[in-house]
Amino acid sequence: MLFEQIAHNKRKTTLIMVLFVVILTLVGAGLGYIFTDNPWIGIAIAFIASLIYMFIVLRNPANMIMNMNHGKEIHEKDNPELWHIVQDMAMVARVPMPRVFIIPDKSPNAFATGRDPKHSAVAVTQGLLDMMNREELEGVLGHEISHIRNYDILLSTVAVVLIGVISFISGYASRYIWWFGGDHHSRDDNKDDNNPVIMIIKIVAIVFVLILGPISASLVQMALSRNREYLADASSVDLTRDPQGLISALKKIDNSQPMKKADPSSAGMYIEDPFHKKRGFSHLFDTHPATSDRIKRLEKM
């Protein structure tokens, strides 16, 4: 059951990342049609912009994310128990020891970040340390170390970059259409305008870059986040050999008060939604799967 779930979640993640690339391609094509009547130029711009932004963000994402969430780095002498649990989980997972941070918030929560296992960090709130016993801490930290081992930290960063680029392109194209009407180049000599199939593709691409791109990209990002949480839950059990610790921890986190100063853009990285927002009917806009669903899966392991 455990390894089947891990394999299923990995396949689903691959599909989600393919959807991200498709969305970026359609948005780029729409940009190309608006500015040059050539979709390939827009697609090239979209991918080049993504690579440049990704290079900038990936230089040191851990420090940036920790600063945004008020994390304070600690060492072994500051909290030996926490340090040794992180060390043990990293050893079992066969990943380098990550940097350890504590967030001064009374709500229990945790997350992992970084660009790869060699440049990773985990953060726990003071509330988590106050409310959890060792078994529960191992379950939570096993979950976070699993995010590092499974390269979820990289996937999350890539998703943020793609969302940022798609939103920027959409906003820029919208402003251009508003001010200039998108007709800066002549189309009198373009024979494709007489082709109904090409015209439909153009309309779809332009509507996508102006409206559908950012919405669909956000939905895909949230689906990616939910799927990786399931995978990290299963991987945590693989590390600790004890689903009860994580089950108990999730129940406590779910029944706690929301965090006060968590960064909204980092919400999907936490083990549970730090703001405890009410879940929508369709769950399409949820950053995390329902805690009850996670617990049901864990109970079957």
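Phe-35, Phe-168 and Tyr-172 are linked into a cluster by ring pairs. You are looking at a predicted model, and it holds 3 aromatic pairs. Let's take the pair of Phe-35 and Tyr-172 to begin with: the two rings are stacked, at 5.8 Å centre to centre and with 20° between their planes. Phe-35 belongs to helix α1 (residues 2–35) and Tyr-172 to helix α7 (residues 152–180), so this pair ties together parts that lie 137 residues apart in sequence.

Now turn to the partner on the other side of the cluster. Phe-168 and Tyr-172 are also stacked, because their ring centres are 6.2 Å apart and their planes meet at 20°. These two residues sit 4 residues apart in helix α7, which means that about one helical turn separates them.

How buried or exposed is each ring residue of the cluster? Phe-35 has 19% relative accessibility, so it counts as buried. Tyr-172, with a relative accessible area of 43%, is partly exposed, while Phe-168 counts as exposed at 55%.

Elsewhere, have a look at how two helices pack. Helix α4 (residues 80–93) and helix α6 (residues 134–149) have their axes 9 Å apart, at an angle of about 50°. That angle is why α4 is described as oblique to α6. The crossing of α4 past α6 is right-handed. On the α4 side, the residues in contact include Leu-82, Ile-85, Val-86 and Met-89, and among those they meet on α6 are Leu-137, Leu-141 and Ile-145. The contact is made up of 9 nonpolar, 1 polar and 5 charged residues. Glu-81 and Asp-88 in α4 take part in it, as do Arg-134, Glu-138 and Arg-149 in α6.

Notes:
Residues are numbered from 1 along each chain as its sequence is written. This is a predicted model: local features need pLDDT of at least 70, side-chain atom pairs count only at pLDDT 80 or more; totals for chains, interfaces and linings use all residues. Side-chain values use heavy atoms; hydrogens and water are left out. Axes are lines fitted to C-alpha atoms, for helices over the stretch in contact, and angles run from 0 to 180 degrees between N-to-C directions. Angles under 35 degrees count as roughly parallel, over 145 as roughly antiparallel, 65 to 115 as roughly perpendicular and the rest as oblique. A crossing is left-handed if the near helix is turned anticlockwise from the far one by less than a right angle, and right-handed if clockwise. Contact means heavy atoms within 4.5 Å. Ala, Val, Leu, Ile, Met, Phe, Trp, Tyr, Cys and Pro count as nonpolar, Asp, Glu, Lys and Arg as charged, and the others, Gly among them, as polar. Rings of Phe, Tyr and Trp (its six-membered ring) pair if their centres lie within 6.5 Å; planes under 30 degrees apart count as stacked, over 60 as edge-to-face and the rest as tilted. Buried means under 20% relative accessible area, exposed over 50%, partly exposed in between (1.4 Å probe, protein chains only).
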